[in-house]
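Student: I keep meeting words like "buried" and "domain" when people talk about proteins. Could we take one and go through what each word rests on?

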Amino acid sequence: MDKPVLYIVIPCYNEQEVLPITSGLFLQKIRDLAAAGKISGDSRVLFVNDGSRDDTWQIIQRLAEEDEHFEGVSLSRNRGHQNALLGGLMTAKDRCDVTISIDCDGQDDIDAMDAMIDAYLDGCEVVYGVRSKRATDTFFKRFTAEGFYHLMNWLGAGIVFNHADYRLMSSRVLDEFANYKEVNIFLRGMVPLVGFKSTSVYYERAERIAGESHYPLKKMLALAFDGITSLSVKPIRMITGLGVVVSVLSFIGVLWAIIAALSGHAVAGWASTVCMVCFMGGVQLLCLGVIGEYIGKIYMETKARPRYIISEHTWDGAEK
Ligand code: UDP
Ligand code: MG
């Protein structure tokens, strides 16, 4: 069997400080793996420029000119990490046998790729990179991340604990994945749904080499919310359950009021009335909010807009 062609797929958003450093590390990894006879020498590093406002795309183009192992595609505007990664993977899948997705900031241990490729050569089609320690993340990030993974699993979305988007996927898996057409994507939750033989590889997450995280709390919450609502309808079911409980309680309350009234103990209950009205109002607004969120998702999905638009490739010399 021919050696597999590997594509390392790397979404980049405003990474001009990081790229010159990490690009060399990725190239070296490809060279080492090829020298060890594990992958083909035709393997490539594919950068996806996610509508960066700095010189990221110029750097990618320069890298591609300097070394044939570098390639790049540029999205027409910023679409976010998940869409950029999808764009890269879908571009790569027709050009290679196996992909590894990784962030460009050097936080994920590049050397874990050796074990990933070994697992692939052993027949695994998906290999999840799992952080064994999160010592470099803040306590807050660790705490919220942990809560999030537990919540997701409880909601029935079987995501791999402490796995982000550092992952090996064969092009066969990506061909199947291409059939998942939803617009709201949360890759780490969707990939396990495709199936195929999979395993995990453990590594320690390091500090960002340079630049700053693009995932402030607001984006983290948005990603978590998208993850939950695009993978689980449990919140809607819980609302139904809550509705039933509240209805039963209200019914008992009404019965109680009627009995009290009939037996002459008329209720002078201003306080209880106000409490009840407020409580009901709160519950109803909450429920409407969650249902509205799902309806919003349905609305977005029915439009079926493209998830990313590639405006340029480094290999077709398209005009800038
Ligand atoms: N990224 C992207 N588009 C965005 C935000 C981030 O392509 O809108 C890329 C970014 O360049 C990096 C990866 O996604 O390669 C992860 O982002 P970051 O390191 O900022 O997130 P963190 O590691 O802090 O979760
Ligand atoms: Mg990072």
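Tutor: Sure, let's begin with exposure: a residue is buried if 20 or more other C-beta atoms lie within 10 Å of its own, exposed if 12 or fewer, and partly exposed in between, with C-beta atoms placed from the backbone. Keep in mind that this is a predicted model, where local features need pLDDT of at least 70, side-chain atom pairs count only at pLDDT 80 or more, and totals for chains, interfaces and linings use all residues. Residues are numbered from 1 along each chain as its sequence is written, while chains are lettered from A and ligands numbered from 1 in the order in which they are written.

Student: What makes K141 count as buried, exposed or partly exposed?

Tutor: K141 has 15 other C-beta atoms within 10 Å, so K141 is partly exposed. You'll find K141 in helix α5 (residues 139-154); helices are DSSP runs of H or I with at least four residues, strands are runs of E with at least two, and both are numbered from the N terminus. In sequence K141 and M220 are 79 residues apart, yet their C-alpha atoms are 9.4 Å apart in space.

Student: How do you know that the length of α1 agrees with what a helix should span?

Tutor: The expected span is 1.5 Å times one less than the number of residues. Helix α1 (residues 19-35) has 17 residues, so it should span 24 Å, and its end C-alpha atoms are 24 Å apart, which agrees.

Student: Which residues of α1 are buried, and why are they said to be on the same side?

Tutor: The buried ones are L19, T22, S23, F26, K29, I30 and L33. They cover an arc of only 120° around the axis, so they sit on the same side of α1; the arc is that of the directions from the helix axis to the C-beta atoms. G24, Q28 and A35, on the other side of α1, are exposed.

Student: What covers the buried residues of α1?

Tutor: The cover includes β1, β2 (44-49), α2 (56-66), β3 (70-75) and α4 (112-121). Contact here means that two C-beta atoms, placed from the backbone, lie within 7 Å.

Student: And which domains is the protein divided into?

Tutor: Domain 1 (6-216 + 306-313) and domain 2 (234-303), with bounds from an automatic or database domain assignment. Their centres, taken over C-alpha atoms, are 45 Å apart. Five residues of domain 1 are in contact with four residues of domain 2.
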